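Me: Please go through the enclosed spaces of a protein model, then one helix packing.
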Amino acid sequence: MTGASVTPPAGSPWGVAYDKAKAALAKLTLQDKVGIVTGVGWNNGPCVGNTSPLSKIGYPQLCLQDGPLGIRFSTGSTAFTPGIQAASTWDLDLIRQRGQFIGEEFRGAGIHVTLGPVAGPLGKTPQGGRNWEGFSPDPYLTGLAMAETISAIQATGVQATAKHYILNEQELGREVISGNADDRTLHELYAWPFADAVHANVASVMCSYNKLNTTWACEDQYTLQTVLKDQLGFPGYVVTDWNAQHSTVESANAGLDMSMPGTDFNGGSMFWGPALTNAVNSNQVPASRMDDMVTRILAGWYVAGQDASVYPSFSLGRNVQGNHKTNVRAVARDGLVLLKNDANILPLKNPASIAVVGSASVSGAHANNLASCNDKSCDGGALGMGWGSGSVNYPYFVAPYDAINVRATSQGGRVTLSDTDNTSSGASAASGKDVAIVFITADSGEGYITVEGNPGDRNDLNAWHNGNDLVQAVAGSNSNVVVVVHSVGAVILEQIVALPQVKAVVWAGLPSQESGNALVDILWGDVSPSGKLVYTIAKSPSDYNTRLVSGGSDSFSEGLFIDYKHFDDAGITPRYEFGFGLSYTKFDYSGLSVTSVAKSGPATGAVLPGGPSDLFDNVATVTVNVRNSGQMTGAEVAQLYLTYPSSAPRTPLKQLRGFAKLNLTAGQTGTATFNMRKRDLSYWDVRAQKWVVPSGTFGVSVGASSRDLRLTGSLTVS
């Protein structure tokens, strides 16, 4: 069914958009149509991607701009927290607000399409360079974050782009490697969050650089047409990653809809444009496929309501920040994960003397938007995001030391700074102080830039700049050490946590422009930490079962068993498990209740955006009571994990299928409610090519992390 078109339900958002798109299509020549689907070329327009305008239908030069955490190259926008920090809050309200604010800024800058959010890489390999742009290696958590972000962005009148589709899991060889995942793994892990994106009416999906079973992702008919457009009912358009197109006819007939930037990065290799015109005229690409491409692209314009009001003129210098820094601070703060807190050293009790140690405690090249630090391609000073096309300029940067110094001195304290990673200087600064706060980092990014010998992906899972040695030196001269980690992903912490002088480990992640303010909020106890890990921190790199692949293909032989699912399956105890995070207060769980109307069998509903309609029906509800039994206000992320019955094919021991964040005052009890959709109980039946709910008894576990499960129950499906 090559290039088959779709017919969205009449009256639905896509149905209305398609009606408008088809009316406009009737007025267009072939040359007009080719101009809509082909970028004007690298650096030939104001944005990173641009198409030709068509005044006859009131359609402008479409402007597509990076990226997932704000406006790339802008001097007037907010540097939002990366996706992985937003996910670490487990707070869908904050994630939704973040998406809304991102959308407002893109619209305010006159940008039609934001190239984000990110569901690929999912993050199966801890060293993966761009994992931080996405949300989590758990597809359920990533899927909900994608849906909230997309819905909020598009409600502002900006088109969102779900990227990078699909199996784009490392930077090493990303433009040549072939991802060869089995069909069940493809559906249950890597396509899962894209289904949530499509269900949220995402306007576009970006196909990735890599190959899929030896076929380029941007001309792979199975994933573009069969999975995305047929199975997931995607009515929007597929756009290439920049210069990820390799053919004229094959890509068009496989389901590609827009070529970006239209040429390669040298202005050559235009696969569409005149070549596409010739292919249509010679019937190598059916005219119906050409019309389908244009209809999808125009429908994306209409579904975002971009025809309904005057769009601002394009400007990367216009101040569009509003009050959006409030979200940055909240996400940076509530995404911070407290990993260790011996003797309740935190929150700080107004210490008279503090040592702040490490180059990562102060503003440096990374924070100052230096021309020599293109796309955050240097690691000097405090770390707020990774590097590459997903990075943005900071409008300002609040360094940790600056915020700590302001808070401590306002309370009569004295702060001594050692802003290098020299071990003797750090030890000297820490000597005799009430507390020593040591900052360590680990960075990564996109593979077109190598930073400190790391070519996109991280070379290893160690802290950068001899972080372990720095902590050890400080611990040799101070018995109250707090380690703050700013990192793109998991770091092996064994040497650090083994030191008895290290009383606390604060996993501050990637906090962006409000770094110091968010940290001080937690260190001094203005707010209790409530973030939870969205990946597993192992005791040893060998505990992970996924590696960077240096050959021509990645077999994805681990299948469904990545991150915590692998640790459970292999019986490996992590240092800090998925979903883990301490608080300054305590929470008790009670009163598990399970109700279900789920029936076994395949999904049979009509295919709507996201898949068969009945997949998104709520079929089971679990509730638990959570009581704040401590002494201060705090928030708890209650997590639900599901264990499939033995009638299902081999499945991970438990899978996240619900979470709820409850803000509770001391002594207050709240109810966490988890609504499970039919898809949350389903597996992908490869033979039937359907989602199927197995019969039998599901195990239901609820608790504070994937390993701290307080209550268990069951759910029986006949």
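Me: How do the residues of the lining of the largest cavity divide into nonpolar, polar and charged?
Reply: This is a predicted model, in which local features need pLDDT of at least 70, side-chain atom pairs count only at pLDDT 80 or more, and totals for chains, interfaces and linings use all residues. Residues are numbered from 1 along each chain as its sequence is written, and side-chain values use heavy atoms, with hydrogens and water left out. A cavity is a set of points on a 1 Å grid over the protein atoms alone where a 1.4 Å probe fits but cannot get out, and lining residues have an atom within 4 Å of a point. With Ala, Val, Leu, Ile, Met, Phe, Trp, Tyr, Cys and Pro as nonpolar, Asp, Glu, Lys and Arg as charged, and the others, Gly among them, as polar, the lining divides into ten nonpolar, nine polar and two charged.

Me: What is the volume of the largest cavity?
Reply: The structure holds seven cavities of 30 Å³ or more. Lining residues closest to the centre of the largest cavity are G123, P126, P137, Y535 and D563. Volume is the space filled by probe spheres set on the points, which are joined across faces, edges and corners; for the largest cavity it is about 160 Å³.

Me: Are α2 and α11 parallel or oblique?
Reply: The axes (lines fitted to C-alpha atoms over the stretch in contact, angles from 0 to 180 degrees between N-to-C directions) of helix α2 (residues 30-37) and helix α11 (residues 287-303) come within 9 Å and cross at roughly 55 degrees. Angles under 35 degrees count as roughly parallel, over 145 as roughly antiparallel, 65 to 115 as roughly perpendicular and the rest as oblique. Helices here are DSSP runs (H or I, at least four residues), numbered from the N terminus. The crossing angle therefore makes α2 and α11 oblique.

Definitions and conventions:
Helix = DSSP H or I, 4+ residues; strand = E, 2+ residues; numbered from the N terminus. 1 Å grid on protein atoms, 1.4 Å probe; cavity = no way out; pocket = protein on both sides within 12 Å on 5 of 7 lines; lining within 4 Å.
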